[in-house]
Amino acid sequence: MTAAVTRSRSGRNGLAQVVRAEWTKFRTVRGWVIGTVVAALMLVLFAALAGAGSVQDDASRVPVGPGGEPVTDSFYFVHRPLAGDGSITVSVSALRSSIPRGLTDLRPGVVPWSKAGLIIKQSTRQGSPYAAIMVTGGHGVRMQDDYAGDTAGLPGPVSAASPRWLRLDRSGDAITGRASGDGTHWTTVGTVHVSGLGPTAQGGLFVASPPSVHGMGTSGSVSTAVFDDLRVQGRWAGGDWAGDQVGPESPSFSGYPPNTSGSVTGSAGRFTVTGAGDIAPAVRVTLPTGGALGEILIGTFAALIAVVVVGALFITTEYRKNLIHVTLAASPKRIRVLVAKATVLGAVTFVAGLAGAAVAVRLGERLARANGVYIFPVTSSTELRVELGIAALLATASIMALSVGAIFRHSAGAVTTVIVGIVLPYILVAIPFMPASVANWLTRVTPAAAFAVQQTLVRYHQVSSVYTPYEGYYPLGPWAGLAVLAGYAVVSLAVAAVLLRRRDA
């Protein structure tokens, strides 16, 4: 008889039964259900406002690379047509850069990714495929292709005493880059296959000078290179080498400091070329007219506040109304009760967050593009990862609020604590002038690290830029950032479980 009663109680108080009881409790309290729905609606509403309220621009101005990705493609090009296969060789004996130190004052400086060398490009159209070999201001010889490809070659800077010889050979769509320290002994840096070059491509000398990165952002720079002993083989068109600016001349888009422009002087195999801009993947700072998916999801912080309030109330209401003893009497295993509450709360919040994020992403993107704003493209798998990440962030935050509510037993203190821990650091890193070191620290060690789930932009080692959370670049990966918040939630849940067993009879 006793054994039968024990089994009966165990069945009634098993985890599945306790979860069912907590779910019944949750869905019968209208305020909790409304709060969860509001969280999902906040995602959609803010996405609609962000998309519809975006500053109108012309997305067609954004250069697009061979893979459909946004690129920066602005440099000074000294070129001639190359029909079919051929090669070009040159020596680079100087590469100097100037950086603005005021409205009109240009002073010498080092731009690590300033570039001077040889390039074979489909055409002078921005975004057209290419392969290039170059010397740089601080990263030695590099071979780059189609904007994202980058291979290191001979190290060290160039000078009159230590020039670098460069060579590009084209054979069909295969382009091989070679470098030499003496013009006799050559090292192959790499061979790349460039699709879409066509039967006749443009080839020659180029100089690019990316913006100089400093604490307050970026400013345009200009670089000058000296080329000697220019030689070609193959079916190069005759006549003089033509000097052209690839991309617009406007300093705002080409990167030239005020009152400067690209130029070429010289002949008979020796040229001095000045240029600005860059040939590289676009990043957030170099594409000010573009937007990222994370900017559409600015409603995440509002949704977060809603789920934190619901999460805290899901347990503090029982303390306020002195119902916790009834709950524990019906289910004496207190940790099981806490786990059941966390399961119900996390599942409901995840589903609501996923639905809200899915609608928000699609609606916000559509409105922004209709408004002429360029949105950095993402794959469908990345889009799904963002949506799942937002849902997981909200669910984890709600469980953390539940745990803190069990610790404090008062809703105001629990809500304030969790919001300060998660939302406040997020607001601080949204300040444009927040030092990068502080912003990166906040999004590495605080629960706000979980906002990395919104990250879709890519850092490129060959592009100097302002990589901060404000610009959409987080120090941790999406799931690593979420794991930081999960760690706080697990610790909070463990503390709550201990206190629940000790305090509440």
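Start by selecting residues 30-52 and residues 300-320, which are helices α3 and α6: they pack at an angle of about 170 degrees, and their axes lie 8 Å apart. An angle over 145 degrees counts as roughly antiparallel, so α3 and α6 are roughly antiparallel. Before you go further, keep in mind that this is a predicted model.

**Where the two helices touch**

Show side chains on α3 for Trp32, Gly35, Thr36, Ala39, Met42, Leu43 and Phe46, its part of the contact. On α6, the residues to pick are Thr300, Ala302, Ala303, Ala306, Val307, Val310, Leu313, Phe314 and Thr317. Now colour this set by type: 12 are nonpolar, 4 are polar and none is charged. Look at the spacing of those numbers too. An α-helix has 3.6 residues a turn, so residues three or four places apart point the same way.

**Along α6**

Stay with α6 and hide α3 for a moment. From first C-alpha to last, the 21 residues of α6 reach 29 Å, close to the 30 Å expected at 1.5 Å a residue. Where is the kink in α6 centred? Click on Phe314: the kink there is about 40 degrees. Phe314 also belongs to the contact with α3 you just looked at. Turn the surface on and you'll find α6 mostly covered, with 16 of its 21 residues buried. Just after the helix, select Asn322, which takes a positive phi of about 60 degrees.

**On to α9**

Next, select residues 380-408. This is helix α9, with 29 residues, and it reaches 42 Å from its first C-alpha to its last, close to the 42 Å expected at 1.5 Å a residue. Is α9 largely enclosed or exposed? Because 24 of its 29 residues are buried, α9 is largely enclosed by the rest of the structure. Step one residue past the end to Arg409, where phi is positive again, near 65 degrees.

**Three single residues to visit**

*Ser87.* Find strand β2, residues 75-100, and click on Ser87 within it. Ser87 has a relative accessible area of 7%, so it is buried. Who are its neighbours? Leaving out residues up to four places away in sequence, Ser87 touches Leu168, Asp169, Arg231, Val232, Gln233 and Trp236.

*Gln122.* Now go to the loop between β4 (115-121) and β5 (130-136), where Gln122 sits. Gln122 is partly exposed, at 25% relative accessible area. Try a distance label here: the C-alpha atoms of Gln122 and Ala201 are 4.7 Å apart, although 79 residues separate them along the chain. Ala201 is also one of the residues that Gln122 touches, along with Ser128, Pro129, Gly196, Leu197, Thr200 and Gln202, again not counting residues up to four places away in sequence.

*Asn440.* Your last single stop is in helix α11, residues 436-445. Buried means under 20% relative accessible area, so Asn440, at 19%, counts as buried. Draw a line from the C-alpha of Asn440 to that of Pro469: they are 6.9 Å apart in space and 29 residues apart in sequence. Beyond residues up to four places away in sequence, Asn440 touches Tyr467, Thr468, Pro469 and Pro475.

**Zoom out**

Finish with the whole chain in cartoon view. How many helices and strands are there? The chain has 12 helices and 20 strands. Of its 505 residues, 52% are buried. Among contacts in the chain with a separation of 6 or more, 75% are between residues 24 or more positions apart.

Technical notes: Residues numbered from 1 in each chain as written. Predicted model: local features only at pLDDT ≥ 70, side-chain atom pairs only at ≥ 80, totals over all residues. Heavy atoms only, no water. Axes fitted to C-alpha atoms, helices over the stretch in contact; angles between N-to-C directions. Helix = DSSP H or I, 4+ residues; strand = E, 2+ residues; numbered from the N terminus. Parallel < 35°, antiparallel > 145°, perpendicular 65-115°, else oblique. Contact = heavy atoms within 4.5 Å. Nonpolar A, V, L, I, M, F, W, Y, C, P; charged D, E, K, R; others polar. Expected span 1.5 Å × (residues − 1). Bend = angle between axes of the 7 residues up to and from the residue. Buried < 20%, exposed > 50% of the residue type's maximum accessible area, 1.4 Å probe, protein only.
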